[in-house]
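Colleague: I should like to learn how the features of a model such as this one are read. May we take them one at a time, beginning with the packing of a helix?

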Amino acid sequence: GMNAAVRAVTRMGIYVGAKVFLIYEGYEGLVEGGDNIKQANWLSVSNIIQLGGTVIGSARCKAFTTRAGRLRAARNLVEHGITNLCVIGGDGSLTGADIFRSEWGGLLEELVQDGQISEEVARENCRLNIVGLVGSIDNDFCGTDMTIGTDSALHRIMEVIDAITTTAQSHQRTFVLEVMGRHCGYLALVSGLASGADWLFIPESPPEDGWEDLMCERLGETRSRGSRLNIIIIAEGAIDRSGKPISSNYVKDLVVQRLGFDTRVTVLGHVQRGGTPSAFDRVLSSKMGMEAVMALLEATPDTPACVVSLSGNQSVRLPLMECVQVTKDVQKAMDEKRFEEAIQLRGRSFENNWNIYKLLAHQKPAQEKSPFSLAILNVGAPAAGMNAAVRSAVRIGICQGHTVYVVSDGFEGLSKGQIREVGWHDVAGWLGRGGSMLGTKRTLPKTCMEKIVENVRKFNIQGLLVIGGFEAYEGVLQLVEARGQYEELCIIMCVIPATISNNVPGTDFSLGSDTAVNAAMESCDRIKQSASGTKRRVFIVETMGGYCGYLSTVTGIAVGADAAYVYEDPFTIHDLKANVEHLTDKMKTDIQRGLVLRNEKCHEHYTTEFLYNLYSSEGKGIFDCRINVLGHLQQGGAPTPFDRNYGTKLGVKAVLWMSEKLQEVYRKGRVFANSGDSACVIGLRKKVVAFSPVTELKKVTDFEHRLPQEQWWLNLRLMLKMLANYQISLTEYISGKMEHV
């Protein structure tokens with residue numbers, strides 16, 4: 001994701017009229033100067049967004065840790081008149097930048113005394129502004145939800161785990177996987193949660209003494225229940241209660257000696273740093289890069305050096321040293337064996353992940369049988385992550401002592417009685433499966449209401465969890481509106497939004513949209529490669545999404561598209577003409593290719609065919625055109641780490657909420673729920689998981705176009721256009737606020 005950040009900072013800098021320099025080889029290049037500091041133009045950062053690593057190089061630098069080294073660095077910056085520095089790196093690099101900033105005045109004085117610069121030059125460059133972007137695959141920097149590179153590292157880990165799972169199942173093996181994370185267990189924790197690993201070692205929470213017996217007992221148990229494999233995930237920094245390292249080989253030998261299982265160790269190592277960045281990392285870095293430039297522009301002598309971070313889906317700024325301090329506090333807590341506190345200092349989501357992992361990894365007998373029955377179904381088109389949500393919902397339901405049913409083929413299956421009770425192990429191995437294992441249909445309840453009611457009565461269902469797209473929301477709304485006629489529908493209902501289109505009201509992200517954006521992005525990366533080869537070619541790519549332009553907008557940002565046409569951002573023939581002229585100009589530069597995305601229903605008359613004809617005839621002799629309709633490949637594929645975890649969390653939260661509501665409305669041995677808040681959509685809003693009554697959401701829904709009336713992601717379109725070199729005004733840009741950790 002670093003290249004996406006370099007690209008965004010460079011282009012945003014040029015866009016606001018600044019001179020932008022790229023410094024090669026990190027601080028080493030800053031100290032050495034010369035050819036390592038080069039002025040950049042718009043095209044310097046073209047076609048790099050899809051590359052892993054960083055095109056400007058990075059190096060650990062001894063010299064910069066000394067004052068003499070920083071003196072040389074200051075001189076090199078002053079020579080180019082550079083007084084604003086954007087640093088992309090981990091906490092070491094950012095701390096170094098802050099020291100450099102605090103010494104700046106003194107360094108310039110020294111340079112004046114040595115006669116290396118004049119007093120006038122020192123006056124002109126008297127202040128150094130610093131902004132940091134955190135690039136670290138460990139996600140170990142406090143204050144930031146996600147650091148650049150973390151999501152891509154998780155993609156690499158999950159690819160390996162998926163591959164290993166298939167071989168382990170064939171051979172009935174146990175695998176010990178060692179992932180990076182010397183001081184931070186984030187990667188191990190999230191990949192453990194996303195793969196349903198049998199055992200997990202993280203530095204923040206060492207296992208209790210005697211863990212060896214417990215672990216072997218659990219592994220033996222899973223095998224005896226018919227599982228053909230065990231997966232153990234260990235962070236490289238894993239320790240026991242006394243602070244002694246636990247190595248992957250020690251764990252392997254233990255399993256072999258005690259259980260005699262065929263066991264293999266796989267150390268993932270630097271695989272985790274490599275490969276193409278995920279869509280999330282590309283969009284995150286682009287957003288943070290833009291915000292970093294704004295933070296530098298708005299800096300005053302009184303503002304502390306800041307890091308740009310993400311909070312929910314909003315950019316925010318945080319004082320650099322506060323973040324560094326909390327990051328150090330975590331390490332200190334771990335050194336002093338205050339492990340509970342270390343986990344809390346890591347942040348709410350870390351703690352949340354850890355608790356959910358512990359809940360779902362092993363079956364704990366329910367305290368007592370509850371009187372309630374829940375039914376779970378999938379509705380609408382398949383979306384990746386549906387199975388993860390079903391798995392965690394089933395397991396939490398069982399933990400709570402409920403009777404849990406699953407329904408095949410959506411509301412239609414509910415009407416036909418395709419309902420069966422499930423146990424803990426029936427959903428084993430579902431996490432990594434794409435599509436919908438239960439089967440899903442678009443049928444709405446109003447076509448078969450009588451029969452649905454009959455089965456709800458027959459199976460005595462008191463809670464209905466519907467995982468699906470717009471039809472799931474619309475269907476539950478129809479059931480709620482039929483409560484007047486049928487008392488049986490006065491039950492607790494919850495919708496988990498799962499659709500690649502991200503068009504369900506009540507949530508910022510629906511389950512499956514991250515996987516779909518990644519699938520569309522990978523296709524576009526390949527299309528771009530083909531266009532680079534043939535030269536002077538423009539590809540018109542059609543994405544899915546119904547009327548919702550989320551998929552094409554976010555994919556457009558992730559692949560650096562020249563335009564993305566969507567229904568929500570109306571366009572006219574003048575806009576199309578401007579885009580054609582823009583591409584004609586682009587063909588005169590070194591970059592002789594274009595990529596235009598079009599959402600399937602963005603315009604009644606300007607169809608993909610129409611765009612192709614328009615671009616072809618207008619570009620005649622300058623460029624030629626090709627059409628690509630991505631189609632159903634956007635619905636398929638294994639779920640991304642984000643969707644596996646998001647599905648897992650939503651499944652858990654939804655069932656816990658349903659259990660609580662069932663208790664509230666349980667009177668004299670029966671459930672009767674008819675208030676608005678007994679049927680909700682669960683969703684992520686900014687940073688909070690929220691439950692919104694479907695009857696309330698009805699007021700803010702455009703049913704004709706199947707869209708929420710207000711959509712947060714429309715403000716991303718400004719970034720898409722700026723990075724594609726449109727002449728637009730930035731007056732609508734909303735700067736991030738300075739917050740505290």
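Colleague: Against which elements do the buried residues of helix 8 pack?

Modeller: The model is a predicted one. In it, strand 5, strand 6, strand 7 and helix 9 receive the buried residues of helix 8.

Colleague: Which residues of helix 8 are buried?

Modeller: A residue counts as buried when its relative accessible area is under 20%. In helix 8 these are Trp-211, Glu-212, Met-215, Cys-216, Leu-219, Thr-222 and Arg-223. Viewed down the axis of helix 8, the buried residues fall within an arc of 130°, and therefore they line one face of the helix.

Colleague: What span should the 14 residues of helix 8 have, and how far apart are its end C-alpha atoms?

Modeller: The expected span is 1.5 Å times one less than the number of residues. For helix 8, residues 211-224, this gives 20 Å, and the end C-alpha atoms are 20 Å apart, so the two agree. Gly-226, which has a positive phi near 100°, follows helix 8.

Colleague: Let us turn to the sheet. In which order do its four strands stand?

Modeller: The order is 6-7-5-8 in an open sheet, and the pairing is parallel. Strand 6 (199-201) and strand 8 (263-267) are at the edges; each has a single partner strand, so one side of each lacks a neighbour in the sheet. From one strand to the next, the twist averages 15°.

Colleague: How many bridges join strand 5 to strand 8?

Modeller: Two strands are taken as paired when there are at least two bridges between them. Strand 5, residues 174-179, runs parallel to strand 8 and is joined to it by five bridges. Opposite Glu-178 stands Val-267 of strand 8.

Colleague: Which strands do helix 7 and helix 9 lie across?

Modeller: Helix 7 (residues 186-195) crosses strand 5, strand 6 and strand 7 (230-235), and runs at about 165° to strand 7. Helix 9 (residues 248-259) lies across strand 5, strand 6, strand 7 and strand 8, at about 170° to strand 8.

Colleague: Finally, a single residue. Is Thr-553 buried or exposed?

Modeller: Thr-553, a residue of helix 19 (550-559), has 0% relative accessibility and therefore counts as buried.

Colleague: With which residues is Thr-553 in contact, leaving aside its neighbours within four places in sequence?

Modeller: Contact requires heavy atoms within 4.5 Å. On that basis, Thr-553 is in contact with Val-566, Trp-713, Leu-716, Arg-717 and Leu-720, its neighbours within four places in sequence being left aside.

How values were computed: Residues are numbered from 1 along each chain as its sequence is written. This is a predicted model: local features need pLDDT of at least 70, side-chain atom pairs count only at pLDDT 80 or more; totals for chains, interfaces and linings use all residues. Side-chain values use heavy atoms; hydrogens and water are left out. Helices (H or I, at least four residues) and strands (E, at least two) are DSSP runs, numbered from the N terminus. Axes are lines fitted to C-alpha atoms, for helices over the stretch in contact, and angles run from 0 to 180 degrees between N-to-C directions. Buried means under 20% relative accessible area, exposed over 50%, partly exposed in between (1.4 Å probe, protein chains only). The arc is that of the directions from the helix axis to the C-beta atoms.
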